[in-house]
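Let's take a walk through this fold, starting with the overall layout and then zooming in on a few contacts. Keep the viewer open as you read.

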Amino acid sequence: MKPQSTSREAILAECRAIVRRQGLPGISVRTVAAAAGVATGTLYHYFPDKRALLMSVVADVWRDVFALDGAPRDRTDFCRYVDDLYRGARDRLGAYPGFAQGHGLELVALTGQEDEGRARMQAFLDGVGSQLQEALRRDPRVRPEALAGDLTPQGLARFVTRNLLAGLVLGQPTCSDLLAVLRAALY
């Protein structure tokens, strides 16, 4: 085996490379261990079973698609931020052919489950929501009364996140309908 880091992140980086080449069906304990240069038992140190591995890979690919670890974007215009987020995610999703259509709805639908893979997915969703809330907070044009009562910044962030994911899963070229709703509600 080739000597490589055996960190969780290094293993997930190898998983992303496999998904780019072969899709999620290419993920198995043996193929991931071989690609990462570790023993199969090492994977079980980080992921209790194949299901947890797959769930973590799905969340990690979405994290890569949304570039949550990337450079900060301008967050002073909420609708522009949402549009840029969607366009960038759509473009980066091209590196993972068939991924969104094959496994995206699972991420859209799952919330608050107990296993580690689902927790990782929820952390991804929470990260998108946090970025959206920050962009919303920084937009000086948002009417204060727009986020009163039943529409909270957290609720709006969840709504936008799910709509962005759904648009990507459905292969929509833009999120123009979502942007129209946001403009009408916020400005």
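What follows goes from the whole chain down to single side chains.

First, a caveat: you're looking at a predicted model. The chain has nine helices and zero strands, so reading from the N terminus you just get α-α-α-α-α-α-α-α-α. Of the 187 residues, 44% are buried. How far apart in sequence are the contact partners? If you take contacts between residues at least 6 apart in sequence, 75% of them join residues at least 24 apart.

Now pick out one helix pair. Helix α5 covers residues 78–93 and helix α8 covers residues 153–169; their axes come within 10 Å and cross at roughly 35 degrees. As for handedness, the α5 and α8 crossing is right-handed. To see who does the touching, select F78, V82, L85, Y86, A89, R90 and L93 on the α5 side, and L156, V160, L164, G167 and L168 on the α8 side. Sorted by class, that contact has 10 nonpolar residues, one polar and one charged.

Stay on α5 for a moment, as D83 is in this helix too. Is D83 buried or exposed? Its relative accessible area is 17%, and the cut-off for buried is under 20%, so D83 counts as buried. Leaving out residues up to four places away in sequence, D83 touches C175 and L179.

Next, the aromatics. The structure holds four aromatic pairs. One of them is F66 with F124, a tilted pair at 5.6 Å centre to centre, with 55 degrees between the planes. What does this pair tie together? F66 sits in the loop between α4 (50–65) and α5, while F124 belongs to helix α7 (residues 116–138), so the pair links parts that are 58 residues apart in sequence. Both rings' residues are tucked away: F66 has 1% relative accessibility and therefore counts as buried, and F124, at 1% as well, counts as buried too. Zoom out a little and you'll find F66 and F124 in one aromatic cluster along with W62, Y96 and F99.

One last stop involves a charge and a ring. The charged end of R141 sits over the ring of Y187, 4.2 Å from the ring centre.

Notes. Residues numbered from 1 in each chain as written. Predicted model: local features only at pLDDT ≥ 70, side-chain atom pairs only at ≥ 80, totals over all residues. Heavy atoms only, no water. Axes fitted to C-alpha atoms, helices over the stretch in contact; angles between N-to-C directions. Helix = DSSP H or I, 4+ residues; strand = E, 2+ residues; numbered from the N terminus. Left-handed = near helix turned anticlockwise from the far one by under 90°. Contact = heavy atoms within 4.5 Å. Nonpolar A, V, L, I, M, F, W, Y, C, P; charged D, E, K, R; others polar. Phe/Tyr/Trp six-rings, centres within 6.5 Å; stacked < 30°, edge-to-face > 60°. Buried < 20%, exposed > 50% of the residue type's maximum accessible area, 1.4 Å probe, protein only. Lys NZ or Arg CZ within 6 Å of the ring centre and 35° of its normal.
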